[in-house]
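Here's a quick briefing to read with the structure open beside you. Let's take a look at a few spots, one topic at a time.

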Amino acid sequence: MKKIYVDTIAEMLGVRDWQVENCVKLFEEGATIPFISRYRKERTGGLDEVAVAEVRHWADVFVEMEKRKATVLENIEAAGALTDELKAKVEGCVDSRELEDLYLPFRPKRRTRATAAKEAGLEPLADKMYDVALADPVPEAKKFVGEKVASVEEALAGARDIIAERLSETASVRETLRQIFRTRRIVTKATKKATGQEAMKYRSYFDYSESLERMAPHRLLAILRAEEEGFLSVKIDADPERCGKKLYYDFCQERRYPAAPLAEQIHMAFDDSFKRLLEPSITNEVIKEAKEKADVESIRIFGENLRQLLLAPPVGQKRVMAIDPGFRTGCKVVCLDEQGNLLHNEAIFPHPPASEKIKSIQAVSSMVQKYGIEVIAIGNGTAGRETEEFIKRVPLPQGVRVFSVSEDGASIYSASDVARAEFPEYDVTVRGAVSIGRRLMDPLAELVKIDPKSLGVGQYQHDVDQSLLKEKLDNTVESCVNSVGVNLNTASSYLLSYVSGIGPALAENIVEYRSENGAYRSRKDLLKVKRLGDKAFEQCAGFLRIHGAVNPLDNSAVHPESYHIVDRMAADLGVSTKELVGNEELCARIKPETYVSGEVGLPTINDIISELRKPGRDPRESAQEFEFDNDIRSIEDLKTGMELPGIVTNITAFGAFVDIGIKQNGLIHASQMGVKGMADPSKILKLRQQIKVVVVSVDLDRARIGLRLIR
């Protein structure tokens, strides 16, 4: 990668150029983000996975920019306009906008008024006017009157069209206007189409203006969505008079102030260029630029929400009864073993209209006893609370815990190809119930099967840059899977596909080998998997776990390339490796600096010792039971001042949505989070966090609930 790009990335991220260079080299060698951030700290200077992901993002951006530069230079050269100076400017670009500004005058374009004027031979007149090479353009314009130009005014008009287009394609002019437009206010007005219920959600913006610089990302995205749907007209209050004066001043500073007759023509050309060409173009550019920033912020929040959801506390390998609640169609009940395998399914009808309570209690009791159920997972959708209350009336064995589980995405999974492949003989209701149970056992392993955009934790996710969103979400899922580690002998191919260096094809091969040969006994067995070579092994081995392996390090995050270091540590302590692993006292006696050599520095040694203390430790917390206020059934039951328990269901830039046990979620606005001024909700709350709130407002007409965070 060119040094100019390396330096730019380093400056943007606030890191050293050698760190960027080494990251890029590792990517070129086939290394992944999790592998680099976990096992190559010496080469990157300890960059975390967020920084490594940013390096990869910008490296990819600049690879594409280099391709674009080649196209631009080729086209300019074909037009016979490429000079050494222009070539140097193009090659020195690190901003795509700057590159496109340089290319704009040479880009093929549709026929314009300026094109017609040039065909009429008026470019020499425009050149003299633009260069302020005459005081009065009228005598010069008379020379161009003839077969193609009918009058002096037509000649002057054509020259003005050429000047107007030239101005609109001048990089310095466009950048000047961008700087002005960025400081102005965005103004929205309702259109004639803005009637009816669909438009009413945007009514706050029917007559609205705000500084573009200060506008919150979620407001900008809402406005642009409303514009897309035809409910709003959007513009930037650019102050044409100020813009015109600035452009004219800059024009004259580069040349000289023209005499009055020419000045009048120049002003006319400037006004036309601004209104017809520059204002619409720069408005679109600046709004697009603001949207890109809003996209980044919204995607960041979405990514953080997804991370919290995927790393939600699991109950672990327990025998689970999962219930997908319903009224008319009944509750679909499934029983799963410790590995999440389906043992049994049936429907019960404890609610109206059937109201078979006694029969349902008997059925649940029988299933709990027969299948040794340890925990019960109840979907939180329709009839969720009623089903939870019903289950609590069932005489359950001591120790059986009951959990409310988010159903978001369960229906998407149940109708997916993944679900059909797992349960080809069962219908969507059974698959949905299984998903609810499995996501209680291990949210990460189950939720990776569902498109993140279907999990109910994003904001305007369909409006943001989809390629950037996919990149962020893929990185997040990959990060979560590899930070937790994956059980090589129980993981599905879908979960394995997110492990560093594996992907879908190798994941299928890993599962196929396991089916044909039985459980993996060693990480080295992976090298027997079809098409899994040394490079893939290097990238994935440290993130895969084998419970009960002969070598205890195979159930840790210690990479096989470092096993010899652990063996040395154990030998120096006079114990076996097996005795060292998990022994806090022995680990405390290790002197890290003793084992530093070559490319193995203190960061790697310290990571190894940390892992030896608690090998294979799951970084996630334990799942906790939760209970809503039994007196609250609907929004009509709410009164201001009530204190209620709740669960955070979504976090946005402006606040957090909270499930308080009724159909409508409440909103804790960022100003109601117990800190002075506006808080950053993502720094205060976590998804699925259990909290206490107080009701501050209830709007029955709009079904909106305002909350304040207590704790």
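Asp-607 counts as buried, because its relative accessibility is 18% and the cut-off for buried is under 20%. Its salt-bridge partner is Arg-38, with the closest N and O atoms 3.3 Å apart. Keep in mind as you go that this is a predicted model.

**Salt bridges between distant parts of the chain**

- Arg-38 sits in helix H3 (residues 33–39) and Asp-607 in helix H30 (residues 602–613), so you're looking at a link between distant parts of the chain, 569 residues apart.
- Is Arg-38 buried, partly exposed or exposed? At 23% relative accessibility, Arg-38 counts as partly exposed.
- Helix H30 turns up again with Glu-584 and Arg-613, a salt bridge whose closest N and O atoms are 3.2 Å apart.
- This pair also links distant parts of the chain: Glu-584 belongs to helix H29 (residues 584–588) and Arg-613 to helix H30, with their positions 29 residues apart in the numbering.
- Glu-584 has 38% relative accessibility, so it counts as partly exposed.
- Arg-613 is partly exposed too, at 31% relative accessibility.

**A network, and the overall count**

- Some salt bridges share partners, and in this way Asp-95, Arg-97, Asp-101, Arg-174, Glu-175, Arg-178, Arg-182, Glu-285 and Glu-289 are joined into one network.
- How many salt bridges does the structure hold? The count comes to 58.

**A salt bridge within one helix**

- Glu-64 pairs up with Lys-67 in a salt bridge, and their closest N and O atoms are 3.3 Å apart.
- Both residues lie in helix H5, 3 residues apart, which is about one turn of the helix.
- Glu-64 has a relative accessible area of 47%, so it is partly exposed.

**How helices H2 and H5 pack**

- Two packed helices are described by the angle between their axes and the distance between the axes.
- Helix H2 (residues 17–28) packs against helix H5 (residues 49–78) at an angle of about 75 degrees, and the axes are 10 Å apart.
- Why are H2 and H5 called roughly perpendicular? Angles of 65 to 115 degrees count as roughly perpendicular, so the label fits H2 and H5.
- On the H2 side, the contact is made by Val-20, Cys-23, Val-24 and Phe-27, while H5 brings Val-52, Val-55, Arg-56 and Ala-59.
- Sorted by class, this contact has 7 nonpolar residues, 1 charged residue and no polar ones.

**Backbone spots to look up**

- Most residues other than glycine have a negative phi, and most peptide bonds are trans.
- The peptide bond from Pro-352 to Pro-353 is cis, with omega near 5 degrees.
- You'll find Pro-353 in the loop between strand S6 (342–348) and helix H17 (357–370).
- Asp-239 is not a glycine, yet its phi is positive, near 60 degrees.
- Asp-239 lies in the loop that runs between strand S3 (232–237) and helix H15 (240–254).
- With 26% relative accessibility, Asp-239 counts as partly exposed.
- Ala-703 has a positive phi as well, about 55 degrees, although it isn't a glycine.
- Where does Ala-703 lie? Look in the loop between strand S14 (690–699) and strand S15 (704–709).
- Ala-703 has a relative accessible area of 32%, so it is partly exposed.

Note on methods
Residues are numbered from 1 along each chain as its sequence is written. This is a predicted model: local features need pLDDT of at least 70, side-chain atom pairs count only at pLDDT 80 or more; totals for chains, interfaces and linings use all residues. Side-chain values use heavy atoms; hydrogens and water are left out. Axes are lines fitted to C-alpha atoms, for helices over the stretch in contact, and angles run from 0 to 180 degrees between N-to-C directions. Helices (H or I, at least four residues) and strands (E, at least two) are DSSP runs, numbered from the N terminus. Angles under 35 degrees count as roughly parallel, over 145 as roughly antiparallel, 65 to 115 as roughly perpendicular and the rest as oblique. Contact means heavy atoms within 4.5 Å. Ala, Val, Leu, Ile, Met, Phe, Trp, Tyr, Cys and Pro count as nonpolar, Asp, Glu, Lys and Arg as charged, and the others, Gly among them, as polar. A salt bridge is a side-chain nitrogen of Lys or Arg within 4 Å of a carboxyl oxygen of Asp or Glu. Buried means under 20% relative accessible area, exposed over 50%, partly exposed in between (1.4 Å probe, protein chains only).
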